Amino acid sequence: MKESKKEKRKDEKRKAKKEKRRSLDKDKDDNASIDSDNDDDRRAKKKRKMEKRKRERKSQENNDSFSSSLSPSKNDAATDDSSLSKQTPPSAAATAAPVAFTVESPRPFVESSALQEVTSKPQAETDCNTSLLLFYQYVEPAWSAQYYSKTVKPKVQEIASQAGVKGRMRVAREGLNCTLTGTKRAIHDFCNHLRQWQPELFCSTEFKMTHDLPQKQAFGDLKLIPVTELVNYGLQDGTALAQYGGTHLEPRDYHAKLAQPETVVIDVRNHYETNIGRFTPPGATWLDPHMRKSTEFPVWLNDPETQQSLKDKTVLMYCTGGIRCERASALLKYKMETDPAVKDLNIKGVYQLQGGIDKYFKEFPDGGYWKGKNYVFDKRFAHYPPVQQAAALSKEESASTSASSQPLDSDSNVSAIDLQPLGKCEACDKAWDMYRGKRRCPTCGVPSLICRDCWKAHEEGIRVIDRSVRCDLCVQQNIQSKHELREKEQHDLQEYEATLLEKGLLSSKGEEWVSEANPDGITRLFLRNMCRKSMTDELLIQTLPGVTHIVWRMDRKTGEFSGQAWVEMESAEAAALAVAKNGVKVLGRPMYIEYQLADGKDAWPPPSSAVGR
């Protein structure tokens with residue numbers, strides 16, 4: 001009996017051991033299965049990573065392809081003009097869809113190097129560590145006055161200071177226009193920080209950079225310049241730019257358009273700029289508006305002779321960096337829709353050079369259809385296209401003074417004819433294209449073209465360059481004094497504005513402006529920068545509907561009108577609409593308007609200042 005119990009216990013133990021072994025074996029199988037599943041997961045993850053890397057490589061190849069289309073190889077740039085015209089069909093520029101840039105895929109930087117212009121001096125490369133940045137960006141709708149004053153100006157100043165860039169920043173409620181220098185990293189940091197600050201606005205900005213410039217071409221300080229308008233061409237509101245702006249053409253497409261007949265190309269720069277360099281297109285007709293400043297463009301465009309030259313034509317425009325074309329093309333297209341005289345011209349289209357001359361030189365370093373120098377507003381002052389600039393620097397270093405038309409060296413197709421100045425010395429008519437010194441035309445104030453010999457003779461007292469030596473534009477127009485110039489400008493502007501009023505194109509209705517905030521209900525305004533000669537009660541009331549009282553500020557010494565005034569508005573709402581017009585052009589001058597709370601010391605408004613309405 002006892003043995004039976006012992007045997008039974010042994011059997012139970014053996015069974016327990018078997019069960020335990022069986023359980024352990026099952027756990028091993030389960031673990032093996034889990035390991036197998038983990039291996040599958042790892043393999044799947046690895047596969048997904050490889051596919052992702054493949055997609056990224058493909059995307060990078062596409063980006064490189066896109067970038068190379070913006071910055072062609074030297075072989076591409078060296079292609080002759082006729083083959084370029086064949087490669088780009090005339091219709092291509094008009095039908096090509098614009099590239100849409102987003103926060104995730106912003107517009108690439110447009111970059112080039114000036115090293116090909118560097119001389120053979122040993123220190124040249126070590127001195128060439130400066131980068132130049134050119135860009136502009138319009139904001140539509142414009143920033144509010146409060147946001148512009150309290151946020152935009154200090155933020156832009158902060159970004160520029162932290163990046164370590166120097167130069168000039170024109171800042172307005174309608175956007176930015178900047179020319180800056182710094183190291184390559186500083187310039188990149190500045191652009192990237194702008195995009196981080198307002199990505200939706202600056203993702204499409206075209207930042208144009210020229211690297212490896214001499215240190216002497218760097219700005220010494222940073223200046224933020226608040227302005228009412230970046231460029232003024234007489235448009236009545238900020239929406240016109242987006243609504244009417246011309247079609248932007250990349251340099252290659254623009255180059256092809258220049259070769260087409262029945263085309264005019266308008267140089268939207270000032271005359272002293274066109275005087276030393278311009279496009280010489282083989283097909284299009286080049287037009288110079290003969291402007292001393294951009295505000296003269298609307299007057300030129302309104303001239304019947306100008307309008308006749310645009311009849312049945314395709315219109316191209318260009319300027320240094322592109323910003324002046326934005327307003328000029330918008331004004332022309334605005335007139336094409338609203339002005340019957342311009343409607344009847346049957347203009348085939350309005351196009352502008354994307355990135356301006358600066359970008360064209362990056363695309364065509366040999367100059368393409370360009371002749372002469374490009375006048376710029378940085379410390380380069382003026383320069384040839386890169387290939388010609390390199391040849392010009394080489395010529396300066398060479399001891400030879402040969403005027404032969406043969407190439408200047410074996411590695412260049414640039415001849416002495418290519419470097420022949422387009423302008424002339426205002427004192428002796430010698431061919432000349434360098435604006436030097438601080439001398440300006442005594443009648444209109446534009447930079448003077450005075451050759452080295454005449455300037456040296458003037459400094460040595462051999463020959464005096466007096467007030468009779470004027471710019472070629474003043475000579476052509478027989479302008480003898482500043483007074484005569486002011487009279488001419490005033491007459492042209494009044495005639496232009498009268499024409500617009502007659503056609504109903506110059507509106508003074510307050511409802512078309514967005515009111516500025518006026519939480520304190522202020523009804524007194526201070527006005528400044530008005531035309532001292534021609535401003536009248538009637539014109540002011542027409543410009544600012546709702547004026548009930550006007551107190552003109554007179555100069556204490558002369559007793560004449562100082563260009564300033566105080567006005568009382570009929571309501572806080574009318575005052576808000578008036579302040580919204582701050583910077584509006586009246587008689588060719590921007591009128592500045594601001595709230596001014598009455599101090600309570602004097603009775604305001606004076607009963608004697610009431611105006612009839």
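**Note on the predicted model: a sheet, an aspartate and four cysteines**

1. Start with the open sheet. It has 5 strands in the order 17-18-16-20-19, and the pairing is antiparallel. Its edges are strand 17 (547-554) and strand 19 (584-586), each pairing on one side only. On average, neighbouring strands of this sheet are turned by 30° against each other, direction ignored. Please keep in mind that this is a predicted model.

2. Look next at one pair within the sheet. Strand 16 (residues 524-528) and strand 18 (residues 561-569) run antiparallel and are joined by 4 bridges. To find the pairing on screen, pick phenylalanine 526: its bridge partner in strand 18 is tryptophan 566. In general, strands of a sheet pair through backbone hydrogen bonds, either parallel or antiparallel.

3. A helix belongs in the same view. Helix 22 (residues 572-580) lies across strand 16, strand 18 and strand 20 (589-595). Relative to strand 20, helix 22 runs at about 140°.

4. Now move to aspartate 378. This residue sits in the loop between strand 14 (374-375) and strand 15 (382-383). Is aspartate 378 buried or exposed? Aspartate 378 counts as buried because its relative accessibility is 6%, and the cut-off for buried is under 20%.

5. What surrounds aspartate 378? Leaving aside residues up to four places away in sequence, aspartate 378 touches Leu132, Leu134, Thr179 and Phe219. Alanine 218 is 160 residues apart from aspartate 378 along the chain, yet their C-alpha atoms are separated by 8.5 Å. Within its own loop region, the side chain of aspartate 378 reaches the backbone nitrogen of arginine 380 at 2.8 Å.

6. The cysteines deserve a check. How many disulfides does the structure hold? The count is 0. A disulfide is a covalent bond between the sulfur atoms of two cysteines.

7. Take cysteine 444. Its closest cysteine sulfur is in cysteine 471, at 3.6 Å, so the two are too far apart for a bond. The cut-off for a disulfide is within 2.5 Å. Cysteine 444 is buried, with a relative accessible area of 18%.

8. Cysteine 451 gives a second case. Here the closest cysteine sulfur belongs to cysteine 454 and lies 3.5 Å away, which is again too far for a bond. Cysteine 451 is buried, because its relative accessible area is 1%.

Notes: Residues are numbered from 1 along each chain as its sequence is written. This is a predicted model: local features need pLDDT of at least 70, side-chain atom pairs count only at pLDDT 80 or more; totals for chains, interfaces and linings use all residues. Side-chain values use heavy atoms; hydrogens and water are left out. Helices (H or I, at least four residues) and strands (E, at least two) are DSSP runs, numbered from the N terminus. Buried means under 20% relative accessible area, exposed over 50%, partly exposed in between (1.4 Å probe, protein chains only). Contact means heavy atoms within 4.5 Å. A polar contact is a pair of N or O atoms within 3.5 Å; within protein, one must be able to donate a hydrogen and the other to accept it, and residues adjacent in sequence count only if both atoms are side-chain atoms. Two strands pair if DSSP finds at least two bridges between them. Axes are lines fitted to C-alpha atoms, for helices over the stretch in contact, and angles run from 0 to 180 degrees between N-to-C directions.
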